[in-house]
Amino acid sequence: MERRVQGNKGEEGMGVSAGYEEIATVDWRGRASNPEKHGGMRAASFVLGLQAFEIMGIAAVGNNLITYVINEMHFPLSKSANIVTNFIGTVFLLTLLGGFLSDSYLGSFWTMLIFGFVELSGFILLSVQAHLPQLKPPECNNMVENGDQCIEAKGFKAFIFYLALYLVALGSGCVKPNMIAHGADQFNRDNPKQSKTLSSYFNAAYFAFSMGELIALTLLVWVQTHSGMDVGFGVSAAAMAMGLISLVSGTLFYRNKPPQGSILTPIAQVFVAAILKRKQRFPPSPHMLHGSQNHVLDDSIATSKFKFLDKACIKIQDGNNLKENPWRLCTVEQVQQVKILLSVLPIFACTIVFNTILAQLQTFSVQQGSSMNTHLTENFHIPPASLQAIPYIILIFLVPLYDTFFVPFARKLTGNVSGISPLQRIGFGLFAATFSMVAAATMEEKRRNAAMNEGKIISIFWITPQFLIFGLSEMFTAVGLVEFFYKQSRKGMQAFLTAITYFSYSFGFYLSSILVSVVNKISSSSSSQGWLKDNDLNKDRLDLFYWMLAALSFINFLNYLFWAGWWYSYKPSSSIPHQSDGDGEEFLGGGFNSSKVVADVNNSIP
């Protein structure tokens with residue numbers, strides 16, 4: 001049976017460093033799980049089913065939502081773009097709620113099940129509104145030329161729309177981090193063989209994501225275009241229902257990590273205790289810190305960054321031997337959890353601009369495609385939203401090849417079980433994202449010049465490079481970020497730290513909304529309404545907006561290089577060694593700056 005263990009070096013051939021505790025896992029009845037019956041890729045495959053169906057449903061809504069908002073809700077372009085980015089940003093903002101509820105009170109399975117039904121109800125309400133004329137403003141066919149004749153959705157109709165939209169956001173936001181965390185929880189990281197399988201699971205999760213996106217952006221968007229948005233939203237509801245069936249079907253095979261109580265209270269206690277004891281002096285040996293008896297320590301705990309937090313572990317020696325309040329005395333393990341959160345924040349922040357670029361591909365690039373020739377043949381045309389399927393067509397072939405051939409090859413060269421480290425994957429992805437915006441700006445300039453100067457409408461396939469490049473970028477950045485955060489997590493924080501990766505998406509989409517508003521305000525003048533003010537892209541200057549994002553993306557990449565180097569110089573968990581399983585980050589071993597030697601950090605993962 002699985003049990004709570006304190007590993008010792010070489011225990012059962014696993015190479016577990018002392019001081020690492022694994023949380024006991026249980027089956028669906030609350031009994032200790034059996035590794036022969038529970039967990040592994042078989043159990044994780046049911047979660048992958050939910051992931052594929054859930055992303056299928058919400059991607060079909062999110063990626064074509066701007067078309068629905070403009071054509072049927074009659075909001076102007078800039079407001080419609082902000083509605084979409086705010087919706088998607090809220091989805092990812094609420095992942096923190098989902099991670100908190102899971103780790104603290106509900107557990108991953110019940111969080112997914114409860115909020116999966118919330119998301120399903122939102123899809124159903126969207127379908128009902130799209131079907132009933134009473135819940136929509138009157139139809140309008142002259143929106144661009146005679147916008148004053150189009151009645152914008154207001155009052156009760158707008159309320160129903162926002163209610164449905166944010167039910168979907170609440171449900172999806174709370175489900176997303178738990179899909180990754182619950183699937184990864186099916187693997188025992190103390191076991192070197194399962195540790196390698198865990199790395200493959202992250203690639204499999206992205207494959208499931210890509211399959212769901214591909215189907216959403218082709219079949220479901222085609223249904224929305226040809227059968228109506230009401231049918232399209234209904235299909236999204238059916239997909240979500242299938243995902244919940246897949247989740248429930250694996251109940252007998254899951255190994256579940258029970259909730260550990262509030263994860264925020266121990267964090268708050270560390271800050272309070274550190275402030276209250278800020279004038280205390282460190283003991284002569286770190287072994288005298290509270291809770292150090294259960295961990296292998298070295299003197300670096302007194303010299304590492306964030307050392308002010310270590311004062312929360314100082315015992316007051318007054319001779320009374322009174323037990324101190326938890327808000328005045330914390331364990332070394334509590335302090336390490338807080339250090340982990342602080343140390344990963346810069347890496348998290350560097351992915352915000354990346355997700356701002358993603359926001360453009362789901363808003364302005366769709367409108368960009370609408371202004372181009374969408375006909376593949378005389379009788380068949382491509383829905384602009386389906387352009388986002390192009391990278392996923394490539395990725396459903398590339399991801400298995402990456403995991404089957406590249407990872408084993410790179411593993412032999414680097415000794416890293418993931419082939420290249422998660423931080424390397426993030427870095428390559430951030431670098432490639434810049435070229436997605438370069439391609440977008442170049443193609444928009446070509447499209448606009450052809451329309452304005454030559455009276456031509458060029459083919460929609462001219463904007464495929466920006467989607468393809470970003471898809472490759474996302475394969476590196478998104479998977480690397482999820483794997484990096486999950487592997488930093490201590491007991492009881494897996495879902496919450498995974499949620500932080502999605503939180504980056506939220507900031508990215510909100511930043512997009514802010515940039516649109518700021519750019520419009522700055523670029524407006526007496527003779528111009530701003531780069532993105534008009535509903536007509538031929539009058540707007542979307543190309544200049546894309547060039548600005550390309551420059552911002554490259555600056556962000558340089559910023560990432562700085563913080564990645566800081567992360568390695570930090571090594572926050574040298575005080576509590578983690579299992580040495582080959583997951584150590586070797587950012588420069590096969591990476592970006594061969595002029596600097598970085599020590600092996602296999603036993604120093606924050």
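Are Phe187 and Tyr201 buried or exposed? Both are buried, where buried means under 20% relative accessible area, exposed means over 50%, and partly exposed is in between (1.4 Å probe, protein chains only). We'll come back to that pair on the tour.

**Before you click**

This is a predicted model, so local features need pLDDT of at least 70 and side-chain atom pairs count only at pLDDT 80 or more, while totals for chains, interfaces and linings use all residues. Residues are numbered from 1 along each chain as its sequence is written, and side-chain values use heavy atoms, with hydrogens and water left out.

**Stop 1: the whole chain**

Start with a cartoon view. You should find 17 helices and two strands; helices (H or I, at least four residues) and strands (E, at least two) are DSSP runs, numbered from the N terminus. Of the 606 residues, 57% count as buried. The chain exposes about 24,300 Å², with carbon and sulfur atoms supplying 62% of that; accessible areas come from the Shrake-Rupley method with a 1.4 Å probe, and for residues only the protein chains shown count as cover. Take the contacts (heavy atoms within 4.5 Å) with a separation of 6 or more: residues 24 or more positions apart account for 81% of them.

**Stop 2: the aromatic pairs**

Now show the rings. A search of the whole structure turns up 24 aromatic pairs. Rings of Phe, Tyr and Trp (its six-membered ring) pair if their centres lie within 6.5 Å; planes under 30 degrees apart count as stacked, over 60 as edge-to-face and the rest as tilted.

Select Phe100 and Tyr105 for an edge-to-face example, 5.7 Å centre to centre with 80 degrees between the planes. Phe100 is buried at 17% relative accessible area.

Back to the opening pair: Phe187 and Tyr201 have ring centres 5.7 Å apart and planes at 45 degrees, so this pair is tilted. Phe187 sits in the loop between α6 (155–184) and α7 (192–227), and Tyr201 is in helix α7, so the pair ties together parts 14 residues apart in sequence. Then pick Tyr68, Phe161, Tyr162 and Phe233, which ring pairs link into a cluster.

**Stop 3: the salt bridges**

Color the charged side chains next. The count here is seven salt bridges, each a side-chain nitrogen of Lys or Arg within 4 Å of a carboxyl oxygen of Asp or Glu.

- Lys257 and Asp185 meet at 3.5 Å, N to O. Lys257 is in the loop between α8 (229–249) and α9 (264–276) and Asp185 in the loop between α6 and α7, so the pair ties together parts 72 residues apart in sequence. Asp185 counts as buried at 4% relative accessibility.
- Asp310 and Lys339 have their closest N and O atoms 3.0 Å apart. Asp310 lies in the loop between α9 and α10 (332–349) and Lys339 in helix α10, so this bridge ties together parts 29 residues apart in sequence. Both partners are buried.
- Glu454 and Lys456 pair up with closest N and O atoms 3.6 Å apart. Glu454 is exposed at 52%, and Lys456 is partly exposed at 49%.

**Stop 4: inside, with α11 and Glu444**

Select residues 352–361, helix α11. Here 10 of the 10 residues are buried, so the helix is largely enclosed by the rest of the structure. Among them are Phe354, Asn355, Thr356 and Gln360.

Then jump to Glu444 in helix α14 (residues 422–453). Glu444 is buried, with a relative accessible area of 0%. Leaving aside residues up to four places away in sequence, Glu444 touches Gln368, Leu537, Leu542, Asp543 and Tyr546.

**Stop 5: the cysteines**

How many disulfides does the count come to? Zero, taking a disulfide as a pair of cysteine sulfur atoms within 2.5 Å. Click Cys313: the closest cysteine sulfur, in Cys330, is 6.6 Å away, too far for a bond. Cys313 is buried at 0% relative accessible area, and Cys174 also counts as buried at 0%.

**Stop 6: a nonpolar patch outside**

Finish on the surface. Ile393, Ile394, Phe397, Leu468 and Leu472 form a nonpolar patch with about 420 Å² of accessible area together. Helices α13 (390–414) and α15 (464–488) each give two or more residues to the patch, and the largest share, three residues, comes from α13. Patches are made of residues with over 30% relative accessible area and no salt bridge, with like charges joined within 9 Å and nonpolar side chains (Val, Leu, Ile, Met, Phe, Trp, Tyr) within 5 Å. Zoom in on Phe397, found in α13; Phe397 counts as exposed at 57% relative accessibility.
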